[in-house]
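This report describes a protein model from its individual residues and strands up to its overall arrangement. The sequence and the coordinates are shown first.

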Amino acid sequence: MLNFRSMNILFISLLLLSMVGEITYGVPFYVYIILAVVYSLLLFYGCYYVGSNFFIPVICSAKTDRKVVALSFDDGPIAGNTLQILQTLKDNNAEAAFFCIGSRITQNKAIFNQIHYEGHLIGNHTFSHHFWFDMFSAKRMLADMRMMDKAMNSIIGKTPKLFRPPYGVTNPNLKKAIIEGNYIPVGWSMRSMDTVIKDEKKLFNKVISKIKPGAVFLFHDTSNTTVAILPALIKHIHENGYEIIRLDKMLNLQAYA
Ligand SMILES: [Zn+2]
């Protein structure tokens, strides 16, 4: 499988080959432009597709034949929506994963406590969820991630082990920060796009089309559409013979450090 290292080796080899070819046979200039464009496209794919495993392996689903799926909610906790999600999960006896933002847990301590108290998994989704997080140095990224650990630990006495990259973006700096911080990076196999899709039926149909053994669904606490479709979605999952289990249990991962 192509990753950042093997791609660099491949492209340096192709570049050297083109240069040798240029001396011997004369290689047209557009060959270099094609190489640069293909390299940039692959780099873009590697950064923005969380399941590419381009820079670092990111766990995105479980390899299983069992009819199990995991639900995950990013960017909370927030007043209103997170409580509604918790109520729906409770009503249906389902456990989920919450990849929380540190600054939001300090603002919503009671809700955060409730997430933990009701048996859900909590993962690190940075402290700041800064728009330019992907541009940070590895050192600054790690400091941000550890700030979230500290905030969480001060409230529930546990330190997260699982980390979900903001926007699903990975790069060489994040790889360094993840390794140094000893986190387990976790992605998803189904991005609901619930921050964009406002139509409930459309979102519901998109999500149910991706139900398969071992799937990890990505939702956001901030999405009113997710809050609205969640009861029907869980019902549909159950009616199709699937069990909803906690992400760390489905993926067999250590939840806390
Ligand atoms: Zn996020």
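R164 has a relative accessibility of 0% in this predicted model, and since the cut-off for a buried residue is under 20%, R164 counts as buried. The residue is placed in the loop that lies between β4 (162-163) and α7 (172-181). Apart from residues up to four places away in sequence, R164 touches S72, D74, F99, N124, H125, V186, G187, W188, V216, L218 and L247. Several of these partners recur in the strands described next.

**Strand β1 and its partners**

How many of the seven residues of strand β1 (residues 68-74) are buried? Seven of the seven are, so the strand is largely enclosed by the rest of the structure. Burial applies to both faces of β1: V68, A70, S72 and D74 cover one side, while V69, L71 and F73 cover the other. S72 and D74, on one side of this strand, are among the residues that R164 touches.

β1 is joined by bridges to β7, β8 and β2, as set out below.

| Strand paired with β1 | Bridges | Sense |
|---|---|---|
| β7 | six | parallel |
| β2 (residues 97-100) | three | parallel |
| β8 (residues 243-244) | two | parallel |

Individual residue pairs locate these pairings. S72 has L218 as its bridge partner in β7, and L218 is also one of the residues touched by R164. Towards β8, V69 is partnered by I244. In β2, A97 stands opposite S72, and F98 stands opposite F73. Between β1 and β2 the chain passes through helix α3 (residues 81-91), and this β-α-β crossover is right-handed.

**Strand β2 and the step to β3**

Which residues of β2 point one way, and which the other? A97 and F99 project in one direction and F98 and C100 in the other, and all of them are buried. On from β2, four bridges lead to strand β3 (residues 121-124), and these two strands run parallel. The bridge partner of F99 in β3 is G123. F99 is also in the list of residues touched by R164, as is N124.

**Helix α8**

Helix α8 (residues 200-208) has three buried residues to consider, namely L203, F204 and V207. Viewed down the helix axis, the buried residues of α8 fall within an arc of 100°, so they line one face of the helix. What do these buried residues pack against? Their packing partners are β6 (190-191), β7 (215-220) and α9 (224-239). β7 is thus a packing partner of α8 and is also joined to β1 by six bridges. The face of α8 turned away from the buried side carries K201 and K202, which are exposed. At the N-terminal end, α8 is capped by D199, with a side-chain oxygen 3.2 Å from the backbone nitrogen of K201.

**M141 in helix α6**

M141 belongs to helix α6 (residues 138-156). Is M141 buried or exposed? Its relative accessible area is 1%, and M141 is therefore buried. Setting aside neighbours within four places in sequence, the contacts of M141 are F133, D134, F136, N171, N173, L174 and A177. M141 and F219 are 78 residues apart along the chain, and 23 Å separate their C-alpha atoms.

**The chain as a whole**

The protein chain contains ten helices and eight strands. Of its 257 residues, 49% count as buried. The C-alpha trace spans about 75 × 40 × 30 Å along its principal axes. When contacts between residues at least 6 apart in sequence are considered, 76% join residues at least 24 apart.

How is the chain divided into domains? Domain 1 covers 4-48 and domain 2 covers 68-251. The centres of the two domains, taken over C-alpha atoms, are separated by 38 Å. Contact between the domains involves four residues of domain 1 and four residues of domain 2.

Note on methods:
Residues numbered from 1 in each chain as written. Predicted model: local features only at pLDDT ≥ 70, side-chain atom pairs only at ≥ 80, totals over all residues. Heavy atoms only, no water. Buried < 20%, exposed > 50% of the residue type's maximum accessible area, 1.4 Å probe, protein only. Arc of directions from axis to C-beta. Contact = heavy atoms within 4.5 Å. Polar contact = N/O pair within 3.5 Å; in protein donor to acceptor, adjacent residues only side chain to side chain. Pairing = 2+ DSSP bridges. Right-handed = clockwise from strand over helix to strand, strands pointing away. Domains from an automatic or database assignment.
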